[in-house]
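Please look through the sequence and the structure shown below. The questions and answers that follow work from one strand to its surroundings, and then to the confidence of the model.

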Amino acid sequence: MTTKAATHDEAAPIGGRIWTPFTAVLAVLVILLVVVLGVRFVRGIGAVTNLNDGYPWGLWIAWDVVIGSALGASGFTVAFTTYILNRGKYHPIVRPALLTALFGYAMAGASVVFDVGRYWDMWHVFMPRYAQLNSVLFEVAVCIAAYTVVLFIEFLPVVLEKFGMAKAHQKLDKALFFFIAIGVLLPTMHQSSLGSMLIVFGPQIDPIYQTKALPVLFLVSTIGMGLAAVTIEGSVTALALRRPLERELLAKLMKVGQGLTAIFLLVRFTDLAVRGQLPAIFEIRTLTILFWIETALFATPIVLLLGKGGTQPRRFFIAAMSMAIAGILYRLDAYLVAYDTGAGWHYFPSMGELVVTIGLVAAEILGFIIAIRVLPVLPKMGRTRTAPATETH
Amino acid sequence: MLTRRKLLKGLAGGAGVLVAAPITAEARAAKTLPDKALGLLFDGTLCIGCRACIAACKESNGMPPEFTELGIGDYWDSPLDISGKTLNVIKAYRDGTGLNKDQEKDGFAFTKVSCMHCVDPSCVSACPVSAMTKDPETGIVRYSVDACIGCRYCVAACPFNVPRFTYDTPIPKISKCQLCQHRLPEGKYAACAEVCPTGATLYGPVIDLKKEIERRRALTPGTQTTYPRGKIGGTDTYQGPAGHYVARTYGETEIGGTQVLHLSGVSFDLLNKPPLPTVAPASISESLQHAVYNNLIAPLGFLGTLAVLAWRHMRPKAEVAPPAKPPTDADDGGAP
């Protein structure tokens, strides 16, 4: 069986009921999001958020955009491993990874629309007349928008397959290699730039976090987060749908994640040492406590995945969770906690901001569930059902 | 034949350029003051706290009144800080009995908060759509609401916390002082300086303002002197005692210098004007971006490598050269 090339045609919709108590709860959360956004568009950003001129960026940027897209890195990391490094055997996880990424990026894009004050003029970013090439945000905005389109194209075969459009599918397949390549380049660019965005904030970002290494730190941790997201999604899907776990593949991905996390810590501590900031991390204040929690979370997967035991599903799942949370916390800390614009300014997300962020996550999960039930995303379960998935797909 | 090892090497090279560039980034040349740069000199020792500049600024720029606990009822404009409705404000420092002007102990002092018109502004570097621009001639940092998308990157980036946003409306915009550039064609100048009764806020070319600072610093504190009033080089003057200044001129070197300069009788730290690095964060940020995206050479090189690899691994099986790979890699994958 192993000699047969695994193709995407072996994927199939899993079918089943879309509406369950769980998806109903998700739908309610999405409705709440719509209500809050209604208020935001009628009465302004201040009506539903705690944003102020000291903290003009809050949860919607730090979580929905910066973290949402980083978790969406599952798409490019898996595409990279599968098509660029030629590990064809990763095929069974490509489609769900792309789907996770597509939802992550679509939600990041959506959240920008309601966070930006003058959303009706957002097209300015794409007009040479307005483009400001020195702006890191310009690069991020254009790059994320372009990548979202590329993700749609990468995912398009699934839709074409669903509707039996074989001719179009064949044509697309010929060009797909280019979209895969650009689909790796673009996230490399904007995920590092999401770190670079903080550099212009200068002394407003605490020196522990303010560094020229920000783009490297963000890029490396993003790849880790993407791999972690695939592992979590794969494990939860297997558990919830009682499907065989892609144990070997996920364990291998997490091995890569382990290396990346080690690189992250190495770069971070070397950078702190070079900049003479090591004494600062031993001061006792909120930010340093968070710094050490991050460090512990980044170190956990390194320890957990050491040796043979690292391939145990329980171990690599915990390692993936730790890796993802570490990346999330690092971003929240860098964007919100390490940012201090002067005395007298405070920010904590409002109820409205939380409802929107939770609603977006709910929308992503709901979308994912509907998609795998309706579209050929997950590997087909047929006569090979009882066989270990890793050998046949 | 291209082996996998070679390919990986090439790939690592491409990725290496992308990652290494930020670390080796050379600083882009620091921006310099335009020859005809216009600015303000605020001398805290001359300010009497009359707040006429706040009213004049509001009128000239068509800004709405702001009602706070400072006013009695909603009758008088009483801003406590700059905001989406207020571009300029005078703030007071007070200590102990608050009796002696420009004394840190048991004294009081005034300071002005408004856009500093940086030589190398963070807001201009941050703005993705060129809504914030620096006039190449006057150096005035301008804002165009027609270009603005309301992302507030400028608000977050400014170390002086100057650009402000209107959060209370569905049609928001950024507010900041533009040195009354709209009044220049009428032969007028910054309204705050025009109405200042003591010449505490003085308008003029930055070169001249700097000379005036030198002149004031050379005087013996307490001796009577003649101050220019309104704009520098005019005929309007004001007689007063020479100030006793702290050594620092705020704005001289802060993030590469600003076109609004402050003199003070008390430490700037007490006036909520903290020390800032002399290097502009904008120049660090832009150096890094330019190093990585230098004519898109690194990204395009990386893309080329990726495309070759993806093409090799995804093309139909029949075209693939005889298998030179171990059986474990036989499932070459890719599209049918």
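Q: Are the residues on the two faces of β12(B) buried or exposed?
A: In this predicted model, one side of β12(B) carries B:V260 and B:H262, while the other side carries B:L261 and B:L263. Each of these residues would need 20 or more other C-beta atoms within 10 Å of its own to count as covered, and on both faces of β12(B) the residues named are all buried.

Q: In which sense do β1(B) and strand β12 of chain B pair?
A: Strand β12 covers residues 260–263 of chain B, and four bridges link it with β1(B). One of the bridge pairs joins B:L41 to B:L261, and B:L40 stands opposite B:V260. The sense in which β1(B) and β12(B) pair is parallel.

Q: In which sense do β1(B) and strand β9 of chain B pair?
A: Strand β9 is made of residues 201–205 of chain B, and its pairing with β1(B) runs over five bridges. At B:L40, the bridge partner in β9(B) is B:Y203. The sense of this pairing is antiparallel.

Q: Why is strand β1 of chain B largely enclosed by the rest of the structure?
A: In a regular strand the side chains alternate between the two faces of the sheet. In β1(B), B:L38, B:L40 and B:F42 point one way and B:G39, B:L41 and B:D43 point the other way, and all are buried. Strand β1 (residues 38–43) is therefore largely enclosed, as the number of its six residues that are buried is six.

Q: What percentage of the residues of chain B count as buried?
A: Chain B contains eight helices and 12 strands, and among its contacts with a separation of 6 or more, 60% are between residues 24 or more positions apart. Of the 336 residues in chain B, the share that count as buried is 47%.

Q: How many residues of helix α2 of chain A are buried?
A: Helix α2 of chain A takes in residues 59–71, and its end C-alpha atoms are only 16 Å apart, whereas a straight helix of 13 residues would span 18 Å. This helix is mostly covered, and of its 13 residues the number buried is 13.

Q: Over which residues of chain B is the pLDDT below 50?
A: Chain B has an average pLDDT of 87, with 85% of the residues scoring at least 70. One stretch nevertheless has a pLDDT below 50, although it has 32 contacts in the model beyond near neighbours in sequence, and that stretch is residues 318–336.

Q: What ipTM does the model score?
A: Two scores are given for the model as predicted, and the pTM is 0.89. The ipTM is 0.91.

Terms used
Residues are numbered from 1 along each chain as its sequence is written. Chains are lettered from A and ligands numbered from 1 in the order in which they are written. This is a predicted model: local features need pLDDT of at least 70, side-chain atom pairs count only at pLDDT 80 or more; totals for chains, interfaces and linings use all residues. pLDDT is the predictor's confidence in each residue, from 0 to 100. Two residues are in contact if their C-beta atoms, placed from the backbone, lie within 7 Å. The expected span of a helix is 1.5 Å times one less than its number of residues. A residue is buried if 20 or more other C-beta atoms lie within 10 Å of its own, exposed if 12 or fewer, and partly exposed in between; C-beta atoms are placed from the backbone. Two strands pair if DSSP finds at least two bridges between them.
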